[in-house]
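Q: Could you take me through one part of this structure slowly, as you would for someone new to reading protein models? I would like to see how a pair of packed helices is described.

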Amino acid sequence: MAKDVETVPGEGFQTRDYQDPPPAPFFDGAELKKWSFYRAVIAEFVATLLFLYITVLTVIGYKIQSDVKAGGVDCGGVGILGIAWAFGGMIFILVYCTAGISGGHINPAVTFGLFLARKVSLPRAVLYIIAQCLGAICGVGFVKAFQSSYYTRYGGGANSLADGYSTGTGLAAEIIGTFVLVYTVFSATDPKRSARDSHVPVLAPLPIGFAVFMVHLATIPITGTGINPARSFGAAVIYNKSKPWDDHWIFWVGPFIGAAIAAFYHQFVLRASGSKSLGSFRSAANV
């Protein structure tokens, strides 16, 4: 582990000592015996359930209010801006609530990126992704149960490629959007930033929520904004129509590629710590 004393350029004072945390082991059998591990998995399940319930309900509510044929008002409801706020706001709330328990991933792409950066072990990553997908299914299932008369009529909040856009455009939107999100996650949770900016209070969930908000503003017209495979999977399972399933691969491949690029960029370019992680991995393998 490398220990540094961070200084603020031009300010002439030192911040607190900084120490690189050790890379997570590829497989940690010991954590499977700890209650804290399963508590974290449960937290991911519940957080993703709440995320999908509130956000998909917002999407359907907007479509009800703006459907002129059903008595709604043209440009009524919260609009795209309100939908983006719902997604970004819920991520802010849920990351804040669960960060100290599970890390507040709530997204398989985030979990995948952190796994590639050796922030979480393989068993934790796999169980997190399973819990997130199951939570998403349950969350959208609650929406359908409470809004059964509107759910299917207004698309079920399912992601699909909008008319007029090519598959390549949709895939690129998901890759770039997820890169923005995962890059923000790495930056907001970087322990070196916490040491350097210790004199400036920064709430990590805030920039993460804003990243989700901004990406939704840009990509809702293209794909409905996935950047979260669990969100897309849960809606596709409950809605269960051909169009979302035909396009569904985009909402796994795109986010995972974007997350991998973000992990590589942050670890190997900005932090140049990938070589340290690789070296420690080789050392552990030789013990």
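A: Here is a close look at one helix pair, with the whole chain as background and a second pair to set beside it.

Please keep in mind that this is a predicted model. The protein chain has 12 helices and 2 strands. Reading from the N terminus, the two strands come before the helices. Of its 287 residues, 46% count as buried. Contacts also reach across the sequence: among those between residues at least 6 apart, 77% join residues at least 24 apart.

Now to our pair. Two packed helices are described by the angle between their axes and by the distance between those axes. Helix 1 covers residues 35–65 and helix 2 covers residues 79–98. Their axes come within 10 Å and cross at roughly 165°. An angle over 145 degrees counts as roughly antiparallel, and that is why helix 1 is described as roughly antiparallel to helix 2. The crossing of helix 1 with helix 2 is right-handed.

Which residues make the contact between helix 1 and helix 2? On the helix 1 side they are A43, A47, L50, F51, I54, T55, T58, V59 and Y62. Helix 2 answers with G79, I83, A86, F87, M90, I91, L94 and T98. Sorted by class, the residues of this contact are 13 nonpolar, 4 polar and no charged.

A database record gives another view of the region. The unreviewed UniProt entry lists residues 41–62 and 82–104 among its "transmembrane region" spans. In the model, residues 41–62 are 100% helix and 0% strand, and the C-alpha atoms at the two ends lie 32 Å apart. Another span from that record is residues 249–270. There the chain is 95% helix and 0% strand, with its end C-alpha atoms 30 Å apart.

For practice, try the same reading on helix 6 (residues 167–188) and helix 8 (residues 205–223). Their axes are 9 Å apart and the packing angle is about 175°. Helix 6 and helix 8 are therefore roughly antiparallel to each other. Helix 6 brings several residues to this contact, including T169, G170, A173 and E174, while those from helix 8 include P207, I208, A211 and V212. By class, the contact of helix 6 with helix 8 has 11 nonpolar, 6 polar and 1 charged residues.

How values were computed: Residues numbered from 1 in each chain as written. Predicted model: local features only at pLDDT ≥ 70, side-chain atom pairs only at ≥ 80, totals over all residues. Heavy atoms only, no water. Axes fitted to C-alpha atoms, helices over the stretch in contact; angles between N-to-C directions. Helix = DSSP H or I, 4+ residues; strand = E, 2+ residues; numbered from the N terminus. Parallel < 35°, antiparallel > 145°, perpendicular 65-115°, else oblique. Left-handed = near helix turned anticlockwise from the far one by under 90°. Contact = heavy atoms within 4.5 Å. Nonpolar A, V, L, I, M, F, W, Y, C, P; charged D, E, K, R; others polar. UniProt positions renumbered as here; feature names shortened; annotations may be inferred. Buried < 20%, exposed > 50% of the residue type's maximum accessible area, 1.4 Å probe, protein only.
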